[in-house]
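Please open the model in your viewer and keep the selection panel at hand. The stops below go from pocket to pocket.

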Amino acid sequence: MENKPGKFITFEGPDGSGKTAQLDILVDEFIQAGYPILRTREPGGTPIGDQIRATLLDLKNTAMIDRAEALLYQAARAQLVYEIIQPHLAKGGVVISDRYADSTLAYQGYGHQNTVASLEGIINYATGGLVPDLTILLDLAPEVGLQRRMDAGGFNRLDSYDIDFHHRVRTGYLELVQADPLRWVVVNADRPFGEVQTEIRSILQNYLNNWGY
Ligand code: TYD
């Protein structure tokens, strides 16, 4: 993808890893401090993407087949990249996204037992080849994450997949890290919220400073 003077940071992790709650606090802090950050999330982040999100996460959609699921995630992503992410990067800003293409590789790939290679084409088509500069993985055992989700009452269609699916997702993330270690930083999310937050804050601070923001 051309015209990318900005920096693109993504957060990944299993359901209930605390990404969203951490970003609620940290992104505001960095914006207050003057960093040109735009926050977004997947699936969704645009009016069209949010409609696709509702379809994807609806517990009533038990008939959804894996290929339809994979394509709907890419449709929402294409809309987000071209409508929101790319324009902010073109201005030299920083985009922080709660999930991105690695979620497709982890969930629709490893989770549904499809090869990474079989998904790369549709991901590339959706994103125009936009790859994050930094991806932070909040790593957590799926049992812990799903229990947190149940306690919080936000259980969705993907959460309802069986525990083996969620184990494959976690293993998948760790394999993606091994395949491209320079892009990823792994944070152990099975610790108190404040400790995890301190670690993420310092990672973000270091990268932003090194990039000259
Ligand atoms: P969400 O409620 O946003 O969960 P979280 O707070 O954990 O991000 O739901 C998003 C769900 O969609 C989550 O279960 C992961 C899944 N997902 C995929 O399966 N593939 C994808 O490409 C993306 C972006 C998300």
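Which helix gives the most to the lining of the largest pocket? In this predicted model, the answer is α4, which contributes four residues to that lining, so begin by selecting the helix at residues 101-111.

Next, select D15, K19, R53, R99 and R149, which are the closest to the centre of the largest pocket among the 27 residues that line it. The space they look onto amounts to about 540 Å³.

To see the surroundings, colour α1 (19-32), β2 (37-41), α2 (47-57), α3 (66-90), α4 (101-111) and α6 (142-152), each of which supplies at least two residues of the lining of the largest pocket. If you then colour that lining by residue class, you should find six nonpolar, 10 polar and 11 charged residues.

Now move to the second largest pocket, which holds about 330 Å³ of space. Select D102, L105, I123, V131 and R183, the residues that lie nearest its centre out of the 18 that line the second largest pocket.

Here α4 should be kept in the selection, since α4, α5 (116-127) and α7 (163-179) each supply at least two residues of the lining of the second largest pocket. Of the elements to highlight, α5 gives the most to this lining, with five residues. Colouring the lining of the second largest pocket by class should show 11 nonpolar, three polar and four charged residues.

As a last view, display α4 by itself with both pockets, as this helix supplies at least two lining residues to the largest pocket and at least two to the second largest.

Notes:
Residues are numbered from 1 along each chain as its sequence is written. This is a predicted model: local features need pLDDT of at least 70, side-chain atom pairs count only at pLDDT 80 or more; totals for chains, interfaces and linings use all residues. Side-chain values use heavy atoms; hydrogens and water are left out. On a 1 Å grid over the protein atoms alone, a cavity is a set of points where a 1.4 Å probe fits but cannot get out, and a pocket is an open set with protein on both sides within 12 Å along at least five of seven lines; lining residues have an atom within 4 Å of a point. Grid points are joined across faces, edges and corners, and a volume is the space filled by probe spheres set on the points. Ala, Val, Leu, Ile, Met, Phe, Trp, Tyr, Cys and Pro count as nonpolar, Asp, Glu, Lys and Arg as charged, and the others, Gly among them, as polar.
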